[in-house]
Amino acid sequence: MSSSWKKRLFDFREMRDEPKPFLDHLEDLRGMLIKMAIALGIAMVLSFLGRTLLFDIIQAPLMAVDAERAENLQSLGVVDSFSISLELAFYAGIILSFPALLFFLAEFVLPALNASERKHLYPAATVGFGLFLAGVAFAYFVVLPQTLVFFYKDAESLGWKPTWTVREYYSFTTQFVIAFGLAFELPVVVLLLVKMGILETADLRRLRPQAFIVVMIFAAVLTPTTDMVTMLLMGVPMYGLYEISILAASITQKRVTREDVLAIEDTHPPENNDI
């Protein structure tokens with residue numbers, strides 16, 4: 001390996017065009033934050049207007065565990081109906097506006113990309129949104145119901161009667177599914193790093209043991225629970241995505257290498273040695 005991934009990271013941060021003054025970077029940051037805030041704000045308004053449907057969707061997993069308990073969630077605050085609606089609209093807004101948020105972030109943190117390379121941001125944002133939805137769906141339909149059943153029965157085994165409040169249940173559920181959605185972004189991050197030349201396929205293979213440990217730590221931090229089962233339900237698919245990322249990165253690198261060879265041949269065609 002000619003250079004370490006750390007060196008390639010700092011090399012990539014060097015601007016291809018004229019370096020910008022620090023104040024211009026701050027202006028770019030301000031512009032990115034404004035665009036992200038507008039996108040998230042619009043999505044939040046739409047989510048708030050459809051809050052009744054959102055409440056039904058969020059309560060559906062609990063209905064499958066105990067319909068009576070789902071219908072008797074306790075509200076302990078005077079303004080809970082409004083404040084919880086805003087909180088739910090915020091998380092739902094993140095999901096709805098995620099493609100735009102992802103694109104604006106990538107547009108800001110990848111200043112060294114040229115015009116042709118920036119075209120990859122659009123498919124990357126699309127794939128990223130698809131993976132995010134896949135993570136949300138996996139959490140909602142597979143992991144969340146099992147997690148609720150586990151904690152419900154665990155409380156009953158101690159002789160306790162589970163009495164969950166609306167705020168606790170909605171906060172737990174929304175944070176849970178969004179954490180899975182973010183975790184499923186791993187392939188997009190890896191492929192972008194490979195595309196930019198910061199990482200190589202050889203690096204990904206060599207770092208497998210470290211990646212497994214990092215993935216498990218990441219899963220333990222992201223999941224709002226402390227049980228091993230939930231951590232494994234997030235960590236194992238994440239590591240599977242890491243292995244898929246290695247395969248996809250290998251295909252990407254071969255394609256980039258082939259394109260570079262063709263570009264060189266077009267620029268410097270072989271000489272005709274025929275006499």
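Is R206 buried, partly exposed or exposed, judged by relative accessibility? At 46% relative accessibility, R206 counts as partly exposed, and this residue is taken up again below with its charged partner. The structure discussed here is a predicted model.

## Helix α11 and its two faces

Helix α11 covers residues 208–222, and its 15 residues, counted at 1.5 Å a residue, should span 21 Å, which agrees with the 21 Å that separates its end C-alpha atoms. Within α11, the residues A211, V215, M216 and A219 are buried. These residues lie on the same side of α11, because they cover an arc of only 135 degrees around the axis.

The opposite side of the helix has another character: on the face of α11 that is turned away from its buried side, P209, I213, V214, I217 and V221 are exposed.

## A salt bridge within helix α10

Side chains of opposite charge can pair when their charged atoms come close. Five salt bridges are found in the structure, and one of them joins R206 to D203, with 3.4 Å between the closest N and O atoms. R206 and D203 are three residues apart in helix α10 (residues 201–206), and therefore about one helical turn separates them.

The two partners differ in their surroundings, since R206 is partly exposed at 46% relative accessibility, whereas D203 is buried, with a relative accessible area of 0%.

## Salt bridges between helices

In another salt bridge, R208 pairs with E243, and their closest N and O atoms are 2.9 Å apart. Because R208 belongs to helix α11 and E243 to helix α12 (residues 228–267), this pair ties together parts that are 35 residues apart in sequence. Both partners are partly exposed, R208 at 29% relative accessibility and E243 with a relative accessible area of 25%. Elsewhere, D80, E87 and R167 are joined into one network by salt bridges that share partners.

Within that network, the side chains of R167 and E87 meet in a salt bridge at 3.5 Å, N to O. R167 lies in helix α8 (residues 166–183) and E87 in helix α5 (residues 80–109), so this pair connects parts that are 80 residues apart in sequence. R167 is itself partly exposed, with a relative accessible area of 33%.

Key:
Residues are numbered from 1 along each chain as its sequence is written. This is a predicted model: local features need pLDDT of at least 70, side-chain atom pairs count only at pLDDT 80 or more; totals for chains, interfaces and linings use all residues. Side-chain values use heavy atoms; hydrogens and water are left out. Helices (H or I, at least four residues) and strands (E, at least two) are DSSP runs, numbered from the N terminus. The expected span of a helix is 1.5 Å times one less than its number of residues. Buried means under 20% relative accessible area, exposed over 50%, partly exposed in between (1.4 Å probe, protein chains only). The arc is that of the directions from the helix axis to the C-beta atoms. A salt bridge is a side-chain nitrogen of Lys or Arg within 4 Å of a carboxyl oxygen of Asp or Glu.
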